[in-house]
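Notebook open, coffee poured. Today I am looking at how a protein pair meets DNA.

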2 protein chains.
Amino acid sequence: MDNPADHEDEARSGIGREAVRGRADTGTLGKAIAVLDIVASADAPMRFTDILALSDQPRGTLHRQLSNLVEEGLLSLGRDHSYSVGIRLLKFAARAWAGNQFRVIAEPHLRKLHDLTGETVHLGVLRGNEVIYLDKVESRQAVRMYSQIGNASPVYCTGVGKAGLSALSDAELQAVVASIRFRRFTDSTLVTPEALLREIEEIRASGNAYDREEHEPGIRCVAAPVHSADRSFVGGLSVTGPAYRISPELLESWAVLVRNAAGAIMEDMGARLGPRT
Amino acid sequence: MDNPADHEDEARSGIGREAVRGRADTGTLGKAIAVLDIVASADAPMRFTDILALSDQPRGTLHRQLSNLVEEGLLSLGRDHSYSVGIRLLKFAARAWAGNQFRVIAEPHLRKLHDLTGETVHLGVLRGNEVIYLDKVESRQAVRMYSQIGNASPVYCTGVGKAGLSALSDAELQAVVASIRFRRFTDSTLVTPEALLREIEEIRASGNAYDREEHEPGIRCVAAPVHSADRSFVGGLSVTGPAYRISPELLESWAVLVRNAAGAIMEDMGARLGPRT
DNA sequence: AATTGCATTCCAAATAATGGAATTTCAATT
DNA sequence: AATTGAAATTCCATTATTTGGAATGCAATT
């Protein structure tokens with residue numbers, strides 16, 4: 001599943017407070033991280049000229065930016081002049097994950113939901129027009145944790161993504177939807193803003209989002225919106241499974257469980273964060 | 001101290017750029033990442049003044065650096081003015097992990113080693129005077145993957161760390177050892193450069209490093225050095241288990257298995273990278 | 001209402017980044 | 001072994017960004 005033209009500009013209009021920045025890539029740091037993002041969004045190591053083609057920086061500038069990133073361990077430069085993401089980021093991410101209170105508070109609820117359904121449970125948050133998976137509980141350990149945690153998927157074709165969108169204000173929703181470059185993954189993928197917005201309305205009314213094989217054929221899920229106490233994290237909670245095992249009726253029967261779990265998470269967060277303020 | 005062997009090693013050129021690096025807080029990016037590192041190294045969210053105390057930047061400067069990091073999603077600023085590591089790093093790390101060829105090539109060998117011993121297997125690489133765990137295979141899934149992957153531990157009291165050190169040139173070894181601030185974790189922890197260097201010599205001779213409850217009481221391990229084909233990654237492979245289950249004799253009986261697995265990984269890497277060059 | 005302990009903003013001076021062009025290295029081919 | 005075109009890297013006068021000490025804002029506490 002390669003998405004070639006994805007890392008072009010991505011119009012990073014994110015969510016919440018860290019989000020309403022229309023302009024990004026400003027300042028020395030911003031430009032450097034934009035370069036890092038280009039390399040991180042590719043699915044193979046990139047050579048200098050490959051990156052040059054995607055970045056809008058002059059040769060000399062780009063070269064120094066890359067050198068700085070390598071110097072800091074954020075990128076790694078192979079003998080064959082190919083750049084890939086550096087392992088120093090693993091350390092940062094491990095801390096980001098372990099220290100994330102939203103995830104920590106949610107974790108027991110994910111487990112409970114997994115026990116109730118027997119299927120894979122995901123927690124993800126919005127970041128721009130992507131959803132980043134924060135946690136996952138599954139039965140078989142065959143699939144590695146890292147295979148999902150940290151992974152970025154489009155908002156418009158995942159249960160977690162659509163659930164998250166439904167929790168945004170209209171202004172935020174409009175901004176995100178406008179930044180989406182729709183791409184058809186399956187026959188069921190929603191590929192227009194109108195179809196997406198219509199579905200968001202339904203989600204707001206019912207409290208549940210569904211992924212009916214819209215991202216991957218044979219994969220269904222039911223989700224509900226969750227957000228952290230201060231709304232700095234907005235996302236969703238979902239139960240996912242193979243279509244052959246999960247009938248639409250079964251999926252629907254889990255809807256209330258997912259909503260309850262999402263509600264319980266938000267209650268826990270209020271309980272922990274409320275008094276402290 | 002004009003050891004001819006040193007020149008020999010230096011002549012081998014660019015060894016372990018990734019593995020051994022001095023402090024490089026230079027440039028705008030470097031200083032920003034240094035600030036990020038301060039926040040990532042703390043085990044709780046930090047407020048502005050906490051960070052100010054640890055960084056040697058003036059108020060105004062630090063404040064703008066933090067703002068920039070938040071702007072880029074590398075840090076997240078809570079409503080209570082506390083900074084924590086941002087989830088955008090999860091995306092970068094997921095790519096760094098999935099795309100890391102060293103880890104990809106090593107993975108089947110970790111599994112095989114796990115099957116042979118039944119105990120937890122770790123793969124880690126040196127970064128400065130820390131070892132960063134790249135992968136882990138364990139029996140019980142009770143402990144979460146993220147609990148180790150990406151985690152940074154001191155080189156001098158872990159099997160993987162000491163194994164990695166033994167694979168460095170004398171010059172690199174000296175540089176790393178000089179940068180260590182020794183801390184006693186258990187009664188067995190090596191706390192002097194001399195003791196560490198003496199043990200590195202033994203590891204070089206035998207091909208195996210041991211952690212005899214030097215980091216955590218009740219935890220033992222046997223390790224062997226590994227490095228990527230171009231030596232851009234230098235680290236170790238280890239089998240770890242609880243002391244009550246793993247006698248010193250049993251541990252020693254695994255030594256050859258670990259050495260063989262390490263050798264097989266390096267052979268695989270040569271096989272994949274060799275023809276391409 | 002005043003105080004205290006923070007976090008945040010300001011702006012001239014200092015410093016680091018910029019980028020077009022020149023140079024060097026690489027790798028494929030003869 | 002020599003040639004050559006492509007790719008990577010370095011150079012340095014110009015330009016834009018960061019710097020940092022001091023002033024200001026903000027919200028609890030007395």
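For sorting residues by class, I count Ala, Val, Leu, Ile, Met, Phe, Trp, Tyr, Cys and Pro as nonpolar, Asp, Glu, Lys and Arg as charged, and the others, Gly among them, as polar. A residue is near a strand if one of its heavy atoms lies within 4 Å of it.

Ground rules first: this is a predicted model, where local features need pLDDT of at least 70, side-chain atom pairs count only at pLDDT 80 or more, and totals for chains, interfaces and linings use all residues. Residues are numbered from 1 along each chain as its sequence is written, chains are lettered from A and ligands numbered from 1 in the order written, and side-chain values use heavy atoms, without hydrogens and water.

Entry one, the surroundings of DNA strand D. I looked up 18 residues around the strand, and Thr49(A), Arg59(A), Pro58(B), Thr61(B) and Arg64(B) are the closest. Of the strand's atoms within 4 Å of the protein, 75% belong to sugar and phosphate. By class, I noted three nonpolar, eleven polar and four charged residues near DNA strand D.

Entry two, polar contacts (pairs of N or O atoms within 3.5 Å). A side-chain N or O atom of Arg59(A) is 3.0 Å from a base nitrogen of DNA strand D. Phe48(A) puts a backbone N or O atom 3.2 Å from a phosphate oxygen of this strand. For His81(A), I found a polar side-chain atom 3.3 Å from a sugar or linking oxygen of DNA strand D.

How values were computed. A polar contact is a pair of N or O atoms within 3.5 Å; within protein, one must be able to donate a hydrogen and the other to accept it, and residues adjacent in sequence count only if both atoms are side-chain atoms.
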